[in-house]
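Here is a short tour of some strands and aromatic side chains. Take a look at the sequence and the fold before reading on.

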Amino acid sequence: MGTFCSVIKFENLQELKRLCHWGPIIALSVIAICSTMAMIDSVLWYWPLHTTGGSVNFIMLINWTVMILYNYFNAMFVGPGFVPLGWKPEHSQDSMYLQYCKVCQAYKAPRSHHCRKCNRCVMKMDHHCPWINNCCGYQNHASFTLFLLLAPLGCIHAAFIFVMTMYTQLYNRMKIILRNKTSIESWIEEKAKDRIQYYQLDEVFVFPYDMGSRWKNFKQVFTWSGVPEGDGLEWPIREGCHQYSLTIEQLKQKADKRVRSVRYKVIEDYSGACCPLNKGIKTFFTSPCTEEPRIRLRKGEFILATRGLRYWLYGDKILDDSFIEGVSRIRGWFPRNCVEKCPCDTETDQAPEGEKKTR
């Protein structure tokens with residue numbers, strides 16, 4: 001509590017001007033960028049929050065940031081402590097052992113030195129640091145040293161997150177390239193298996209563009225000339241398939257989506273915010289990590305949901321004839337707690353595709 005009081009009891013409000021300097025601006029920008037990117041990468045790619053390890057990792061990242069900023073601002077605003085203006089030793093005869101500062105009109109206490117930047121005599125002065133735009137000395141020596149200790153440790157943790165993020169992305173990218181797929185095509189293949197299993201069909205979906213050899217698949221993307229093979233419209237296919245095997249499966253999935261979609265009624269207004277605070281803490285922190293839009297909801301409207309997460313749903317708004325002219329469909333994400341299943345659909349309709357997948 002004493003430290004907190006010392007932080008807010010500035011000698012004057014001009015202490016805030018210490019922030020208006022290239023040192024603090026650069027230092028705080030680096031801290032903000034590294035911390036933000038590490039947290040975003042951690043949540044989106046490397047370690048999901050719903051796992052124990054992911055939660056611990058995220059809490060550690062926040063902890064590093066808080067401790068680094070606390071010690072940084074402590075070192076900056078508490079300051080080193082200055083020799084009082086006009087100070088003299090308690091015993092006048094001791095002044096013969098001390099230097100006199102003409103600027104401060106005071107004797108320099110033992111271990112103190114005059115700082116030309118601060119224009120004051122600093123207690124136990126170590127140096128003037130441009131990164132905190134203040135001196136390091138008696139009162140802030142510990143905070144400054146802790147900042148120097150914690151900043152590299154936090155950077156090491158952030159660097160680990162960055163490396164693992166890039167490694168994960170590279171691994172996933174190479175895995176689909178060696179099968180001659182794209183991320184969307186991998187998702188289509190997964191949904192094809194789900195459709196066949198759901199309806200218990202006697203058919204097998206074979207991805208048509210997998211040449212059966214990793215090397216051949218690799219050469220579809222990487223060539224010595226740097227120009228991909230083919231014209232981008234027609235592709236070499238494996239035996240037993242034809243050019244439209246994948247598009248036929250897509251049409252089947254579109255029809256299946258319409259059959260398995262669920263009708264919902266809006267029971268609570270939603271503004272369309274990306275991370276709505278007023279819809280619950282879990283809804284706020286589990287907002288879909290995608291550039292797909294959110295749709296604004298009004299009580300009484302109807303939504304046809306096609307997929308979803310634990311706290312979010314994705315679907316199309318059912319439009320009436322009086323809606324905006326020229327708008328054919330409005331679709332996007334919305335919080336699950338803003339809607340309820342229509343009574344007529346509760347027993348007959350199945351859960352939206354992807355609803356069983358939780359975050």
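The notes below start with strand pairing and then turn to aromatic rings and the charges that sit over them.

Please keep in mind that this is a predicted model.

**Strands β7, β8 and β9**

Let us begin with β8, which spans residues 302-308 and pairs with β7, residues 262-266, in the antiparallel sense. Four bridges make up that pairing, and in one of them Tyr-264 has Ile-303 of β8 as its partner. β8 also pairs with β9, residues 312-317, again in the antiparallel sense, this time over five bridges. Here Ala-305 stands opposite Gly-315 of β9. To get from β8 to β9, the chain passes through a hairpin of three residues.

**Aromatic pairs**

How many aromatic pairs does the structure hold? There are 13. Two of them, with their geometry, are set out here.

| Pair | Arrangement | Centre to centre | Angle between planes |
|---|---|---|---|
| Trp-215 and Phe-218 | stacked | 5.8 Å | 15° |
| Tyr-270 and Trp-312 | edge-to-face | 6.3 Å | 75° |

The stacked pair belongs to helix α6, residues 214-219: Trp-215 and Phe-218 are three residues apart there, so about one helical turn separates them. What about exposure to the surroundings? Trp-215 has a relative accessible area of 54% and is therefore exposed, while Phe-218, at 23% relative accessibility, counts as partly exposed.

The edge-to-face pair has another setting. Tyr-270 lies in the loop between β7 and α8 (281-285), and Trp-312 lies in strand β9, so this pair ties together parts that are 42 residues apart in sequence. Is Tyr-270 buried or exposed? With a relative accessible area of 2%, Tyr-270 is buried. Trp-312 counts as buried too, because its relative accessibility is 0%.

Elsewhere, ring pairs link four residues into a cluster: Tyr-72, Phe-73, Phe-77 and Phe-147.

**Charges over rings**

Two side chains with a charge are worth finding in the viewer. Which ring does Lys-181 lie over? Lys-181 lies over the face of Phe-207, 5.4 Å from the ring centre. Arg-307 is placed over the face of Tyr-314, at 4.0 Å from the ring centre. This brings us back to the strands at the start, since β8 covers residues 302-308 and β9 covers residues 312-317.

Technical notes: Residues are numbered from 1 along each chain as its sequence is written. This is a predicted model: local features need pLDDT of at least 70, side-chain atom pairs count only at pLDDT 80 or more; totals for chains, interfaces and linings use all residues. Side-chain values use heavy atoms; hydrogens and water are left out. Two strands pair if DSSP finds at least two bridges between them. Helices (H or I, at least four residues) and strands (E, at least two) are DSSP runs, numbered from the N terminus. Rings of Phe, Tyr and Trp (its six-membered ring) pair if their centres lie within 6.5 Å; planes under 30 degrees apart count as stacked, over 60 as edge-to-face and the rest as tilted. Buried means under 20% relative accessible area, exposed over 50%, partly exposed in between (1.4 Å probe, protein chains only). A charge sits over a ring if NZ of Lys or CZ of Arg is within 6 Å of the ring centre and within 35 degrees of the ring normal.
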